[in-house]
Amino acid sequence: ILCELCTLKHPFDASSLLGLVSQIVCGSHCHIPTSYSKELADLVGRLLAKSPDERPSLEAILEDPFVQPYVGRAQALPAPTHPPKPAW
């Protein structure tokens, strides 16, 4: 989702299911624009790594120096007082 938010397109895009599978297996994905920071581009690259062993765990993402300031801000937000209403 992070890649899609940065590029406004899917990280893997093909006209057929076979083409999509090929892109995923080959590890060929879009790259975020250079207007974003190198740290964000590196994070997206790690999240989309072909090998699951190369992808960061949730704990590693939350401890990433680039992500840490945003984690702190999120933790400072007040907790919701009621559950959100369903969209339907």
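V25 is part of helix α2, which covers residues 17–26. The model described here is predicted. With a relative accessibility of 48%, V25 counts as partly exposed, because the exposed class begins over 50%. K9 lies 16 residues from V25 along the chain, and the C-alpha atoms of the two are 19 Å apart.

**Cysteines**

A disulfide is a covalent bond that joins the sulfur atoms of two cysteines. A search of the whole structure finds 0 disulfides. C3 is buried, at 4% relative accessible area, whereas C26 is exposed, at 56%.

**Salt bridges**

Side chains of opposite charge can pair when their charged atoms come close. The count in this model is 2 salt bridges.

One salt bridge joins D42 and K38, with 2.9 Å between the closest N and O atoms. Both residues belong to helix α3 (residues 38–47), where they stand 4 residues apart, about one turn of the helix.

A salt bridge also links R46 with D64, and here the closest N and O atoms are 2.8 Å apart. R46 sits in helix α3, while D64 is in the loop between α4 (58–63) and α5 (68–76), so this pair ties together parts 18 residues apart in sequence.

The table gives the accessibility of the residues in these pairs.

| Residue | Relative accessible area | Class |
|---|---|---|
| D42 | 36% | partly exposed |
| K38 | 58% | exposed |
| R46 | 31% | partly exposed |
| D64 | 11% | buried |

D64 is classed as buried because its 11% relative accessible area falls under the 20% cut-off.

How values were computed:
Residues numbered from 1 in each chain as written. Predicted model: local features only at pLDDT ≥ 70, side-chain atom pairs only at ≥ 80, totals over all residues. Heavy atoms only, no water. Helix = DSSP H or I, 4+ residues; strand = E, 2+ residues; numbered from the N terminus. Buried < 20%, exposed > 50% of the residue type's maximum accessible area, 1.4 Å probe, protein only. Disulfide = S-S within 2.5 Å. Salt bridge = Lys/Arg side-chain N within 4 Å of Asp/Glu carboxyl O.
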